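Thanks for sharing this one with me. Here are my notes, in the form of numbered points to read alongside the model.

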Amino acid sequence: MSTKLDYVQQLEAQIATTKSTLEKLKAEREEALLSVQHEEIEHLEKYLDQADVSLKDVSAAADDAWQELKESLEYLMSDIRDRLKHLLGDSDN
């Protein structure tokens, strides 16, 4: 009977250790995700600053040059939208 009791105790200890390890991994994962999320937000802020500058360039551009700037700005805004969707967890991205 002590063999059964020993086995149960060992298994309980293994389960407890595994749960503890998983909790630690979950905490590390959440911390890593937050770090990545903060980095992505910083990138989006920089992209938005670029979009502001590009918009001002479009406004100031000559009639024949603004189309080229428009394409660049549209690409930038598309990238910003895609990154924002990803950041918000939108699976349609």
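1. Let me begin with E40, which lies in helix 1. This is a predicted model, so please read every value below as computed from its coordinates. Is E40 buried or exposed? E40 counts as buried, because its relative accessible area is 16% and the cut-off for buried is under 20%. Setting aside residues up to four places away in sequence, E40 touches R83 and L87.

2. The contact between E40 and R83 deserves a closer look. Their side chains are joined by a polar contact of 3.0 Å, and the pair also counts as a salt bridge, with 3.0 Å from N to O. This pair links distant parts of the chain, since E40 sits in helix 1 and R83 in helix 2, 43 residues apart. The two ends of the bridge fall into separate accessibility classes: E40 is buried at 16%, while R83 is partly exposed with a relative accessible area of 25%. As a general reminder, side chains of opposite charge can pair when their charged atoms come close.

3. R83 has a second partner, and you may like to display it together with the first. D79 forms a salt bridge with R83, and the closest N and O atoms are 3.3 Å apart. Both D79 and R83 lie in helix 2, where they are four residues apart, about one turn of the helix. D79 is partly exposed, because its relative accessible area is 23%, and the partly exposed class runs from 20% to 50%. Salt bridges that share partners join E40, D79 and R83 into one network.

4. How many salt bridges does a search of the whole structure find? The count is four. Besides the bridges already described, one of them pairs K26 with E23, the closest N and O atoms being 3.7 Å apart. K26 and E23 are three residues apart in helix 1, which means that about one helical turn separates them. K26 is partly exposed, with a relative accessible area of 45%, and E23 is also partly exposed, at 48%.

5. Now for the nonpolar side of the picture. Which residues make up the largest nonpolar core? It has seven residues, namely L44, A51, V58, L73, L76, I80 and L87. Helix 1 and helix 2 (66-88) are the elements that give two or more residues to this core. Helix 2 gives the most, with four residues.

6. L44 is a good residue to centre on if you want to view this core from helix 1, where L44 lies. With a relative accessible area of 7%, L44 is buried. Leaving aside its neighbours within four places in sequence, L44 is in contact with I80, R83, L84 and L87. Among these contacts, I80 and L87 are fellow members of the core, and R83 is the residue that bridges to E40. L44 and L87 are 43 residues apart in sequence, yet their C-alpha atoms are 9.9 Å apart in space. L87 is also touched by E40, so a view that includes E40, L44, R83 and L87 would show the polar and nonpolar contacts together.

7. For contrast, try K85, which has its place in helix 2. K85 counts as partly exposed, at 38% relative accessibility. K85 and L55 are 30 residues apart in sequence, and their C-alpha atoms are 22 Å apart in space. Do set that pair beside L44 and L87, which are 9.9 Å apart from C-alpha to C-alpha.

8. My last point concerns the surface. Where is a nonpolar patch found? Y7, V8, L11 and I15 make a nonpolar surface patch of about 360 Å². L11, one of these four, is found in helix 1 (residues 2-60). L11 counts as partly exposed because its relative accessibility is 34%, and membership of a patch calls for over 30% relative accessible area. L44 also lies in helix 1, but L44 is buried at 7%, so the pair makes a handy comparison when you colour the model by accessibility.

Conventions
Residues numbered from 1 in each chain as written. Predicted model: local features only at pLDDT ≥ 70, side-chain atom pairs only at ≥ 80, totals over all residues. Heavy atoms only, no water. Patch = residues over 30% accessible without salt bridge, like charges linked within 9 Å, V, L, I, M, F, W, Y side chains within 5 Å. Areas by Shrake-Rupley, 256 points an atom, 1.4 Å probe, with all protein chains shown as cover. Salt bridge = Lys/Arg side-chain N within 4 Å of Asp/Glu carboxyl O. Buried < 20%, exposed > 50% of the residue type's maximum accessible area, 1.4 Å probe, protein only. Polar contact = N/O pair within 3.5 Å; in protein donor to acceptor, adjacent residues only side chain to side chain. Contact = heavy atoms within 4.5 Å. Core = buried A, V, L, I, M, F, W, Y, C linked by side-chain atoms within 4.5 Å.
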